[in-house]
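Subject: Structure handover

Hello,

Here is the structure for you to load. My notes on what turned up follow below it.

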Amino acid sequence: VTPLVLELHSKISEAISSQTWQKVVVAKSKSLLELAVMVRLMSDRTKEWLLHILKEARVLVVPAITLLMPGIITQFGVLYVQYIVPSAKSTEAKGDAAKLV
């Protein structure tokens with residue numbers, strides 16, 4: 001089941017490449033957040049936290065679009081976010097932990 005979950009997760013999350021996401025969304029948001037830190041609207045820690053959320057949000061773009069579609073497609077998006085994303089993230093974390101040992 002794990003290879004199937006990882007394959008499905010990689011196909012859906014790569015609908016928007018990580019390079020494009022970094023260049024278009026994260027880079028532009030980073031400059032806006034740095035401006036907010038400069039004028040003391042937020043702390044540097046909050047800026048880093050928001051940037052981390054933006055980097056991880058790429059995985060949820062396609063499922064978010066399914067919320068605007070008819071029932072069965074919306075159910076797929078909900079199931080994907082509820083089961084596939086956490087399974088893939090935990091499997092990736094276990095793989096990273098094994099590399100450290």
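Glu 34 is partly exposed, because its relative accessible area is 37%. This is a predicted model, so please read everything here in that light. Glu 34 sits in helix H2, which covers residues 18-38. Its salt-bridge partner is Lys 47, with the closest N and O atoms 4.0 Å apart. Lys 47 belongs to helix H3 and Glu 34 to helix H2, so this pair ties together parts that lie 13 residues apart in sequence.

Lys 47 deserves a closer look. With a relative accessible area of 8%, Lys 47 is buried, since the cut-off for that class is under 20%. Setting aside residues up to four places away in sequence, Lys 47 touches Leu 33, Glu 34, Val 37 and Met 42.

Lys 47 has other charged partners too. Asp 44 forms a salt bridge with Lys 47, at 3.4 Å between the closest N and O atoms. Both residues are in helix H3, three residues apart, or about one turn of the helix. Asp 44 is partly exposed, with a relative accessible area of 44%. Glu 48 also meets Lys 47 in a salt bridge, at 3.3 Å from N to O. Glu 48 counts as partly exposed, at 43% relative accessibility. Glu 34, Asp 44, Lys 47 and Glu 48 are thus linked in a network of salt bridges. The structure as a whole holds five salt bridges.

One distance for Glu 34 before moving on. Glu 34 and Lys 89 are 55 residues apart in sequence, and their C-alpha atoms are 29 Å apart in space.

Next, helix H2 itself. Where does H2 kink? The kink is centred on Val 26 and is about 35°. Val 26 is also one of the buried residues of H2, along with Trp 21, Ser 29, Leu 33 and Ala 36. These buried residues pack against helix H3 (44-57) and H4. After H2 comes Arg 40, which has a positive phi, near 65°.

Now the core. Which residues make up the largest nonpolar core? There are seven: Val 5, Ile 12, Val 59, Tyr 80, Ile 84, Val 85 and Ala 88. H1 and H5 each supply at least two residues of this core. H5 gives the largest share, four residues.

Ile 12 is worth following from there. Apart from neighbours within four places in sequence, Ile 12 is in contact with Val 62, Pro 63, Phe 76 and Tyr 80. Of these contacts, Tyr 80 is itself listed in the core.

Leu 4 is in helix H1, residues 2-13. Is Leu 4 buried or exposed? Leu 4 is exposed, because its relative accessible area is 61% and the cut-off for that class is over 50%. Leu 4 and Ile 84 are 80 residues apart along the chain, yet their C-alpha atoms are separated by 9.7 Å. Ile 84 is a member of the largest nonpolar core.

Then H4 and what follows. Thr 66 has its place in helix H4. Thr 66 is buried, with a relative accessible area of 7%. Leaving out neighbours within four places in sequence, Thr 66 is in contact with Ile 73, Thr 74 and Gly 77.

Ile 73 also appears in a nonpolar surface patch of about 700 Å². The other members of that patch are Ile 65, Leu 67, Leu 68, Met 69, Ile 72 and Val 78. Helix H5, residues 71-100, contributes the largest share, three residues. Leu 68 lies in the loop between helix H4 (61-66) and H5. Leu 68 counts as exposed, because its relative accessibility is 77%.

Three places to start when you open the file:

- The salt-bridge network of Glu 34, Asp 44, Lys 47 and Glu 48.
- The kink in H2 centred on Val 26.
- The nonpolar surface patch that includes Leu 68.

Best wishes

How values were computed: Residues are numbered from 1 along each chain as its sequence is written. This is a predicted model: local features need pLDDT of at least 70, side-chain atom pairs count only at pLDDT 80 or more; totals for chains, interfaces and linings use all residues. Side-chain values use heavy atoms; hydrogens and water are left out. Patches are made of residues with over 30% relative accessible area and no salt bridge: like charges are joined within 9 Å, nonpolar side chains (Val, Leu, Ile, Met, Phe, Trp, Tyr) within 5 Å. Accessible areas come from the Shrake-Rupley method with a 1.4 Å probe; for residues, only the protein chains shown count as cover. A salt bridge is a side-chain nitrogen of Lys or Arg within 4 Å of a carboxyl oxygen of Asp or Glu. Buried means under 20% relative accessible area, exposed over 50%, partly exposed in between (1.4 Å probe, protein chains only). A nonpolar core is a set of buried Ala, Val, Leu, Ile, Met, Phe, Trp, Tyr and Cys residues joined through side-chain atoms within 4.5 Å. Contact means heavy atoms within 4.5 Å. The bend at a residue is the angle between axes fitted to the seven residues ending there and the seven starting there.
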